Amino acid sequence: MPTTSITIAPLPIPESLAGQAGADFTASAELANLVSCLVWGNNDFWVSPAARLEGSRANDYTATYLWAAKHGDRHVGRALLELSLQDNEQNGYVFVAVHPQYRCRGIGRRLLAEAEGLAGSRGRTTLQSWSEHPVGFGLEGQEMLQAETGYGSVPAASPAVRFATKNGFRLEQVDRCSRMPIPADAGRLIEHVETAAARASGSYRLVEWADNCPPQYLDQYAVLRQRMSTDAPLGDLDYQEETWDAVRVRHKEEDLKRMNGRSLVVAAQHRPTGDLVGHTVLEWFPAQPEVVYQEDTLVLRAHRGHRLGLWIKARNLQRVAGSWPQGRRLYTWNAAENSHMLDINIALGFAPAGYEAAWQKKLPAQP
């Protein structure tokens with residue numbers, strides 16, 4: 001099939017999923033889901049078109065752009081570009097997917113060129129992207145590509161790895177994707193919660209909420225979210241501190257609700273000062289009820305060494321069965337070099353499910 005028979009054009013983000021614009025957006029979203037399913041061998045990371053639409057809408061913090069590669073009326077490729085609007089304005093975050101039947105024909109390269117061109121025209125100097133690799137490959141040997149951090153590697157023969165390296169990206173970091181069955185072992189969680197609480201020696205207590213942060217903790221929670229952008233291991237990824245305040249916290253909460261998502265948060269509070277010094281977040285979507293996602297977990301450096309990370313994570317896991325009883329699998333991601341958090345996850349019952357490669361490319365300066 002000649003490459004010239006494939007058309008590539010911007011894909012408008014529609015007001016709704018109704019009509020032709022909505023049908024095109026849905027087809028692109030389902031292509032992304034298909035590619036994810038073929039990578040993982042399951043639909044655990046399926047995202048409804050409605051949720052993708054809500055996550056793509058313009059807002060004060062992120063601008064999203066889409067392109068579609070079509071063979072006639074069939075969507076065979078897509079590119080998504082996200083641009084931060086209030087911090088990290090040097091970066092563009094790009095995601096390219098091509099149907100397996102249409103690969104090795106230059107479609108991905110053409111889609112990437114569109115995204116690169118727009119990012120460069122908006123003054124972005126760095127592109128970042130991620131690829132996913134399930135377990136089942138060796139972690140050492142000549143056929144592996146090691147991250148610049150020196151921790152973690154991915155198979156050099158993977159189509160995603162070949163595409164990234166051929167198009168000028170460097171493998172900066174590898175995250176481990178871990179999975180555990182839920183409901184978790186109740187006895188194990190009780191033991192972890194009690195042991196960690198004893199270690200805290202009365203200097204800390206837990207604060208919990210669902211979906212919305214209580215007003216009295218908003219400003220402190222914003223500090224934790226901001227510190228998450230700097231305290232997590234990043235290797236040499238060009239990523240600067242985000243700016244968070246109460247308004248941004250509420251925006252993220254409302255954004256999740258528009259995507260029909262739910263969250264559970266447990267925070268650690270320092271009793272002498274009343275400050276929140278750590279937090280952990282779980283998210284769940286009724287459209288994919290068997291899957292729960294472990295998102296941010298952070299303990300401020302000055303308060304580490306008291307088993308607060310284990311305490312808050314174990315306690316939040318105790319809440320899952322009552323809040324989201326349909327949940328059967330829990331996923332989380334951690335930098336391969338983050339041995340402390342990986343040890344906590346192993347103690348809780350997580351096992352490796354795969355690896356996520358973080359790629360970076362420097363763009364030439366625009367005239």
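Are Lys361 and Glu116 buried or exposed? In this predicted model, both of them are buried, and their side chains meet in a salt bridge with 2.5 Å between N and O. Lys361 belongs to strand β14 while Glu116 belongs to helix α3, so the pair ties together parts that sit 245 residues apart in sequence. That pairing is a handy way into the fold, since it involves both a strand of the sheet and a helix that lies across it.

The sheet itself is open and built from 12 strands, with mixed pairing. Reading across, the order goes β1-β2-β3-β4-β5-β14-β8-β13-β12-β11-β10-β9. The edges are taken by β1 (6–10) and β9 (204–210), and each has a single partner strand, so one side of each is left without a neighbour in the sheet. From one strand to the next, the twist averages 20 degrees.

Now for the stretch of sheet around β12. Strands β11 (residues 276–284) and β12 (residues 291–299) run antiparallel and are joined by 6 bridges. The link between β11 and β12 is a hairpin, made through 6 residues. Two of the facing pairs can be picked out here: Thr280 stands opposite Thr297 of β12, and Glu283 has Tyr293 of β12 as its bridge partner. Tyr293 also has a bridge partner in β13, namely Tyr331. Unlike the antiparallel β11–β12 pair, β12 and β13 run parallel, with 3 bridges between them. As for exposure, β12 is mostly covered, 8 of its 9 residues being buried.

Two helices can be placed against this sheet. Helix α3 (residues 107–121) lies across a run of strands, namely β1, β2 (62–71), β3 (74–84), β4 (91–98), β5 (126–134) and β14 (351–362). Its direction is at about 160 degrees to β4. Helix α9 (residues 339–348) packs on the sheet too, where it touches β8 (170–181), β12 and β13 (329–335). The angle between α9 and β13 is likewise about 160 degrees.

Helix α1 (residues 19–40) runs for 22 residues. From first C-alpha to last it reaches 32 Å, close to the 32 Å expected at 1.5 Å a residue. Its buried residues are Gly22, Asp24, Phe25, Ser28, Ala29, Leu31, Ala32, Asn33, Val35, Ser36 and Trp40. Just past the end of α1 comes Gly41, which takes a positive phi of about 75 degrees.

What does Trp46 touch, leaving aside residues up to four places away in sequence? Its contacts are Glu30, Asn33, Ala287 and Gln288. Trp46 itself lies in the loop between α1 and α2 (49–56), and with 25% relative accessibility it counts as partly exposed. One of its contacts, Asn33, is among the buried residues of α1. With Glu30, the side chain of Trp46 makes a polar contact of 3.5 Å. For a sense of spacing, Trp46 and Ile8 are 38 residues apart in sequence, and their C-alpha atoms are 24 Å apart in space.

The α1–α2 loop also takes part in a salt bridge, one of 17 in the structure. Here the side chains of Arg329 and Asp44 meet at 2.9 Å, N to O. Arg329 lies in strand β13 and Asp44 in that loop, so this pair ties together parts 285 residues apart in sequence. The two ends differ in exposure: Arg329 is partly exposed, at 23% relative accessible area, whereas Asp44, at 6%, counts as buried.

A similar split in exposure turns up between Arg170 and Glu172, which also form a salt bridge, their closest N and O atoms being 3.3 Å apart. Arg170 is partly exposed, with a relative accessible area of 43%, but Glu172 has 3% relative accessibility and counts as buried. Finally, Asp44 and Arg329 are not just a pair: salt bridges with shared partners join Asp44, Glu290 and Arg329 into one network.

Note on methods:
Residues numbered from 1 in each chain as written. Predicted model: local features only at pLDDT ≥ 70, side-chain atom pairs only at ≥ 80, totals over all residues. Heavy atoms only, no water. Pairing = 2+ DSSP bridges. Helix = DSSP H or I, 4+ residues; strand = E, 2+ residues; numbered from the N terminus. Axes fitted to C-alpha atoms, helices over the stretch in contact; angles between N-to-C directions. Contact = heavy atoms within 4.5 Å. Expected span 1.5 Å × (residues − 1). Buried < 20%, exposed > 50% of the residue type's maximum accessible area, 1.4 Å probe, protein only. Polar contact = N/O pair within 3.5 Å; in protein donor to acceptor, adjacent residues only side chain to side chain. Salt bridge = Lys/Arg side-chain N within 4 Å of Asp/Glu carboxyl O.
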